[in-house]
Amino acid sequence: MGSGSLLEFASKRARLAGKSILDSGNPWFVPLDRLRSDAQSRGRSLVSFANYDYLGLSDRPEIKKASAEALERHGAGALGSRLVGGERSMHSEFEHAVADFIGVEASLTLVSGYLTNLTIISHLLGVKDLLLIDELCHNSILAGAKNAKAELVAFRHNDLEHLESILKEKRGSFRNCLIVVEGLYSMDGDIPDLPKLLELKYQHNAWLLVDEAHSFGVLGKQGRGISDHFGEDPNDIDLIVGTLSKALVSCGGFLCARQEIIDWLRFTLSGFVYSVGLSPVITATAHAALDIIAAEPELPEQLRVVSEMFLAKARAAGLNTGPAIGRAVVPVMFGDLRSTMLASQELLKKDIYAPPIVHIGVPKDLPRIRFFLSSRHREADIDNAIAVLKEQDFQAAPAIESVF
């Protein structure tokens, strides 16, 4: 007997997922252009803490010019898979530039950052392999892990002693072993201990994949990522995954590895082979952003100053910022869902856009507002946001001290 229509199924699943949250208003999918124009009509300006423009490049004239010239010269479409439809010289030029900036041998770009994790993890591992992931890794990593045929084990977040115990217990029973972490965790704003990870990788003959979606352009004196932050050789990381949608203000993903590995993936990685290449406009936009980051190493430093300022002021106000280290992402935790929703609403009344994070992507008992910082945020922007949160009677969750 059937289980009813798709409409009935979707309605039930929506209720189970917490549709009732929306009864008091929907803070998501808000049209930013309308918010900005509404604020301007009142003689104010909208301050967004909800976007990934960490280095403030999204409206730089150089990037707009590069995008427009690419559209005029090459047209809008990607027009096919690069393997069978051919590619434009700008693809390889950009990939070489990414590799040179990070300090590795080669890179490969894909049309989606999410797809990059989804496709690479399952591509690497088989039934005789072991996959170890941090329990707070992004959904794209979890989805890629579920698609892999390897044995999957999650270790406690940033607990490398737990990871080491798993390696000692299990590594010897498997052909290959892949460890997956993030360079900067997008919900908590903390980072892993890369030197210790590299030590474990070599001790146990494992591979290491680091997702640098939020750490590229952010960590390190030059914004080259977590290896730059710790002073390690990026070539010691077997696979670096990145996105074009954060510091590079575009859309897509990339992989960095040794040249021979990238050469192999160009012919075998399903997410690359069976997807179109980056469009000319996206490629030109990301490349122009990368050129700016390389030419202006002061940008990551400006972001660090802004981020640490926000973190210090939030903690001084008694807000729970969890284990955040003060780089681009700083969450403010609340004791319950209602407090989180109210706090977001109060911010928006003051033309501060910072939507809540509830249920999806975070533990249900730790709802939060996640503040994305930009090098262009002013101290007044931070003070205004902190003041709203401090003035309201919100119940904060117990504080967690940062490890780093």
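**Reasoning about burial and contacts**

Modeller: In this predicted model, the face of helix α16 that is turned away from the helix's buried side carries K390 and E391, both of them exposed.

Biologist: What makes you call K390 and E391 exposed or buried?

Modeller: The word exposed is kept for a relative accessible area over 50%, and K390 and E391 on α16 are classed as exposed. By contrast, D381, I382, A385, I386, V388 and L389 of this helix are buried, and buried means under 20%.

Biologist: How do you know where the buried residues of α16 lie around its axis?

Modeller: Seen down the axis of α16, the buried residues fall within an arc of 155°, so they line one face of the helix. Among the elements that cover those residues are β1 (47–48), α14 (298–316) and β12 (368–372).

Biologist: How do you know whether the span of α16, residues 379–391, is close to the expected one?

Modeller: The expected span is 1.5 Å times one less than the number of residues, and for the 13 residues of α16 this gives 18 Å, while the helix reaches 18 Å from its first C-alpha to its last. I conclude that the span is close to the expected one. For α5, residues 89–102, the helix reaches 21 Å, which is close to the 20 Å expected for its 14 residues.

Biologist: Why is H377 called buried?

Modeller: Buried means under 20% relative accessible area, and H377 has 12%, so the residue is buried. H377 is found in the loop between β12 and α16.

Biologist: What makes the pairing of H377 with S48 a polar contact?

Modeller: A polar contact needs N or O atoms within 3.5 Å, and a polar atom of the H377 side chain lies 2.9 Å from the backbone oxygen of S48. The side chain of H377 also reaches the backbone nitrogen of S374, again at 2.9 Å. Leaving aside neighbours within four places in sequence, H377 is in contact with V47, S48, F49, V306 and F372.

Biologist: Where does the largest nonpolar core lie, and how do you know?

Modeller: That core has 109 residues, of which L132, I179 and F371 touch the most other members. Domain 1 (20–49 + 297–391) and domain 2 (61–295) both give residues to this core, so it lies between them. Apart from neighbours within four places in sequence, the residues in contact with L132 include V153, F155, L163 and I179. A second, separate core has five residues, among them V30, A39, L46 and Y353.

Definitions and conventions: Residues numbered from 1 in each chain as written. Predicted model: local features only at pLDDT ≥ 70, side-chain atom pairs only at ≥ 80, totals over all residues. Heavy atoms only, no water. Helix = DSSP H or I, 4+ residues; strand = E, 2+ residues; numbered from the N terminus. Buried < 20%, exposed > 50% of the residue type's maximum accessible area, 1.4 Å probe, protein only. Arc of directions from axis to C-beta. Contact = heavy atoms within 4.5 Å. Core = buried A, V, L, I, M, F, W, Y, C linked by side-chain atoms within 4.5 Å. Domains from an automatic or database assignment. Polar contact = N/O pair within 3.5 Å; in protein donor to acceptor, adjacent residues only side chain to side chain.
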